Amino acid sequence: MNQRERLTKLLLNQALISLLKDKSIGQISVKEICSTAGINRSTFYLHYASSFELLEKLEQEIIHNTSEYLKKIEPSNNDGIRYIMSFLDYIKKNDALFKVMLLKSNDTMLFPQRLINGVLKNIDSYLQLNVPDKLKQYTYAYLVNGSLAIIQEWIKDGFSVSSLELAQLIFSLANHSLVGFDR
């Protein structure tokens, strides 16, 4: 991808994020995105078929970038907490993006759940989910939705708790919720 294409995609992503602050994706037209981005519609259609496709690509990019960021974490004794804390730091560093994508953008909660699910699956070895296989999907659903609710509340509250304190809370709640299973 050349520099012009990267700039075009960046402008379209920024325009979409800006529009998602006040509207759901179903209320946003391609014309509106192009007007906000300062790009004509034919240029938009060179890259995307619809505003929904643009959102889908943006979501994939966020998940990919988050994953790449978290891969850079150096191993330590408190890997689970450190991993969650790094994820929270990443959210805080990109707060404008995550305020929209985790709080406002979706008519459904699919993106936030996919993002949190990816993060939790990467720390599975630290959580040591020792639950029967037939119950793992339910356990992950509980952990994903619980973690997501905590993170959303943290964002709404203006990041008033440190990322370390919140990481410790999430990790502790996850571990304590699994006490009933033999470890």
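Among the contacts in the protein chain with a separation of 6 or more, 62% join residues that stand 24 or more positions apart. I should say at once that this is a predicted model. The chain has 183 residues, of which 39% count as buried. Its exposed surface comes to about 10,400 Å², and carbon and sulfur atoms supply 50% of that area.

Turning to secondary structure, the chain contains 10 helices and zero strands. Along the sequence, the pattern therefore reads α-α-α-α-α-α-α-α-α-α.

Allow me to take one pair of helices in detail. How do helix 4 and helix 5 cross? The axes of helix 4, residues 51-71, and helix 5, residues 79-93, come within 10 Å and cross at roughly 130°. An angle of that kind is neither over 145 degrees nor within 65 to 115, and the two helices are therefore oblique to each other. Their crossing is right-handed.

On the helix 4 side, the residues that meet helix 5 are Asn 65, Thr 66, Tyr 69 and Leu 70. Their counterparts in helix 5 are Tyr 83, Ser 86, Phe 87, Asp 89, Tyr 90 and Lys 93. By class, the residues of this contact divide into five nonpolar, three polar and two charged.

My last point concerns a single residue in helix 1, which spans residues 3-20: Asn 13. Is Asn 13 buried or exposed? Its relative accessible area is 8%, and since buried means under 20%, Asn 13 is buried. Leaving aside neighbours within four places in sequence, Asn 13 is in contact with Leu 54, Leu 58 and Glu 61.

Note on methods. Residues are numbered from 1 along each chain as its sequence is written. This is a predicted model: local features need pLDDT of at least 70, side-chain atom pairs count only at pLDDT 80 or more; totals for chains, interfaces and linings use all residues. Side-chain values use heavy atoms; hydrogens and water are left out. Axes are lines fitted to C-alpha atoms, for helices over the stretch in contact, and angles run from 0 to 180 degrees between N-to-C directions. Helices (H or I, at least four residues) and strands (E, at least two) are DSSP runs, numbered from the N terminus. Angles under 35 degrees count as roughly parallel, over 145 as roughly antiparallel, 65 to 115 as roughly perpendicular and the rest as oblique. A crossing is left-handed if the near helix is turned anticlockwise from the far one by less than a right angle, and right-handed if clockwise. Contact means heavy atoms within 4.5 Å. Ala, Val, Leu, Ile, Met, Phe, Trp, Tyr, Cys and Pro count as nonpolar, Asp, Glu, Lys and Arg as charged, and the others, Gly among them, as polar. Buried means under 20% relative accessible area, exposed over 50%, partly exposed in between (1.4 Å probe, protein chains only). Accessible areas come from the Shrake-Rupley method with a 1.4 Å probe; for residues, only the protein chains shown count as cover.
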